[in-house]
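Visitor: I'd like a close look at one part of this chain, please. Start with a pair of helices, then carry on from there.

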Amino acid sequence: MRRFVDRTIGGALLALAVGAAVAQAQRLDDGLARTPPMGFNTWNKFACNVSEDLLKGVADAMVSSGMRDAGYQYVVIDDCWQVARDSATGRIVADPQRFPHGMRALADYVHAKGLKFGLYTDAGRRTCEGRPGSYRSYQIDARTYAEWGVDYTKVDWCNADSLNARTQYTEFRDALRAAGRPIVFSICEWGSNRPWEWAVGVGHLWRTTGDISDRWQSMLNVADASARHALVAGPGGWNDPDMLEVGNGGMTAEEYRAHFSLWAIMAAPLIAGNDIRTMSDTTRDLLTNREVIAVDQDTLGVQGWLAAQPAPDLQVWMKPLAGGARAVALVNRTGAIAEIAVEWSAIGLRAGAATVRDLWAHRDLGRKVNRFAAQVPSHGVVMVRVTGAVAR
Ligand code: GLA
């Protein structure tokens with residue numbers, strides 16, 4: 001399939017014929033991550049403070065908060081669950097104090113809630129927190145995870161400097177395949193070895209940037225970096241600008257709404273990183289906005305992009321959706337409220353009338369001719385779905 005995609009570079013609209021066949025041919029086609037993975041990961045909020053109790057509480061909250069029913073699936077333990085490698089068997093050992101019933105029992109608990117279970121490791125000798133890594137143990141670790149019922153693994157890149165990322169991650173992919181259990185493979189080498197050039201067909205998602213932090217500017221930085229690689233994303237392989245900070249307290253509700261909207265427009269994995277056991281109603285409503293989630297999970301599987309920038313820091317992001325509608329995020333990066341307008345011509349729609357629905361207000365705004373304009377709060381977003389005639 002060749003498709004035409006409008007792209008903006010430096011504010012100028014370009015029409016590129018995408019050689020989608022190239023990426024499509026190499027794409028993982030194992031039925032996993034056909035849309036961007038959704039779930040929860042411990043790192044952003046809890047760092048090394050992980051335990052069986054925490055994870056059980058999180059699994060419970062995934063259900064009671066409505067997150068599971070909104071599409072969140074994977075409950076992932078990040079760094080620090082592992083304490084040693086058994087010298088006799090070569091098997092990785094989970095912290096017996098923090099996980100007294102072991103990982104198999106925890107996976108069973110998570111599965112019984114209708115969720116899936118994930119674990120973190122590192123392709124190098126040690127994890128970023130100095131725990132035993134998987135280097136030279138990819139096969140046994142993949143087999144162990146399969147036995148434990150692991151459905152997702154995030155593989156980091158600390159203490160791996162002398163190694164070749166593409167080689168190591170390919171070997172890890174093959175170890176997972178040989179283990180015989182479907183396991184989503186999340187590559188985490190922070191974009192340092194240009195994964196957008198080789199990770200399609202190796203992992204189901206790959207980090208494109210260094211770690212996000214819970215600040216507006218950090219969120220924008222990783223979004224901008226990940227946006228550069230939009231053309232390689234698609235079903236089975238996604239750019240990962242890192243996990244969500246929504247609800248962690250370092251940004252305002254408006255800023256978190258912009259964060260979540262940008263991740264959805266970019267078809268980014270939606271991995272919550274807050275304490276979902278105790279989150280506010282505002283945070284819960286934000287994370288479970290089904291209309292915005294539907295943009296992220298749209299089956300066309302195209303990563304959206306910056307379509308226009310009518311003024312410095314006033315942006316129009318757009319993502320084509322299955323059936324021809326466009327999701328549009330009007331993003332105000334300035335310090336004051338501002339009007340932002342989107343012209344149909346900038347989002348590949350024909351001039352004339354198109355219908356507009358506000359995805360945060362959950363309101364139909366009616367038919368708009370040629371363009372739509374909205375007042376957008378400072379560090380905020382207005383996100384709409386526009387249905388009109390696709391320009392050919
Ligand atoms: C790296 C990763 C993070 C997290 C930590 C854990 O920094 O990028 O997402 O996994 O390691 O130590």
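Guide: Let's start with α8 (residues 216-227) and α9 (residues 253-265), which pack at an angle of about 10° with their axes 11 Å apart. That angle makes α8 roughly parallel to α9. The α8 side of the contact is Trp216, Met219, Leu220, Val222 and Ala223, and the α9 side is Glu255, Ala258, His259, Leu262 and Trp263.

Some ground rules before we go on. This is a predicted model, in which local features need pLDDT of at least 70 and side-chain atom pairs count only at pLDDT 80 or more, while totals for chains, interfaces and linings use all residues. Residues are numbered from 1 along each chain as its sequence is written, and side-chain values use heavy atoms, with hydrogens and water left out.

As for the terms, helices (H or I, at least four residues) and strands (E, at least two) are DSSP runs, numbered from the N terminus. Axes are lines fitted to C-alpha atoms, for helices over the stretch in contact, and angles run from 0 to 180 degrees between N-to-C directions. Under 35 degrees counts as roughly parallel, over 145 as roughly antiparallel, 65 to 115 as roughly perpendicular, and the rest as oblique. Contact means heavy atoms within 4.5 Å.

Back to α9. This helix is mostly covered, with 10 of its 13 residues buried (under 20% relative accessible area; exposed is over 50%, partly exposed in between, with a 1.4 Å probe and protein chains only). The buried set is Glu255, Tyr256, Ala258, His259, Phe260, Ser261, Leu262, Trp263, Ala264 and Ile265. What about the length of α9? At 1.5 Å a residue, its 13 residues should span 18 Å, and the end C-alpha atoms are indeed 18 Å apart (the expected span is 1.5 Å times one less than the number of residues). Just past the end of α9, Ala267 takes a positive phi of about 50°.

The same check can be run on α3: its 13 residues should span 18 Å, and its end C-alpha atoms agree at 18 Å apart. In α3, the buried residues are Glu52, Leu54, Leu55, Gly57, Val58, Ala59, Ala61 and Met62. They pack against β3 (38-41), α2, α4 (67-70), β4 and α5 (102-112). Right after α3, Gly66 has a positive phi of about 90°.

Now for another helix pair. α6 and α7 pack at about 40°, axes 8 Å apart, and are therefore oblique to each other. Their crossing is right-handed, meaning the near helix is turned clockwise from the far one by less than a right angle (anticlockwise would be left-handed). In the α6–α7 pair, α6 brings Tyr138, Gln139, Ala142, Arg143 and Ala146 to the contact, and α7 brings Gln168, Glu171, Phe172, Ala175, Leu176 and Ala179.

On to the cysteines. Counting a disulfide as a pair of cysteine sulfur atoms within 2.5 Å, you get two. One joins Cys48 to Cys80, S to S 1.8 Å. Cys48 sits in the loop between α2 (43-46) and α3 (52-64) and Cys80 in the loop between β4 (74-77) and β5 (82-85), so this link ties together parts 32 residues apart in sequence. Cys48 is partly exposed at 24% relative accessible area, whereas Cys80 is buried at 1%.

The other disulfide joins Cys128 to Cys158, S to S 2.0 Å, and is right-handed with 95° about the S-S bond. Cys128 is in the loop between β7 (116-122) and α6 (138-148) and Cys158 in the loop between β8 (152-156) and α7 (165-179), 30 residues apart. Cys128 is partly exposed at 36%, while Cys158 counts as buried at 18%. Counting bonded cysteines along the chain, the pattern is 1-2, 3-4. Cys188 is in no disulfide, and its nearest cysteine sulfur, that of Cys128, is 6.9 Å away. Cys188 is buried too, at 2%.

One last stop is Thr334, in the loop between β15 (326-332) and β16 (338-343). Thr334 is partly exposed at 22%. Leaving aside neighbours within four places in sequence, Thr334 is in contact with Pro312, Asp313, Leu314, Ser378 and His379. Thr334 and Pro312 are 22 residues apart in sequence and 8.4 Å apart in space, C-alpha to C-alpha.
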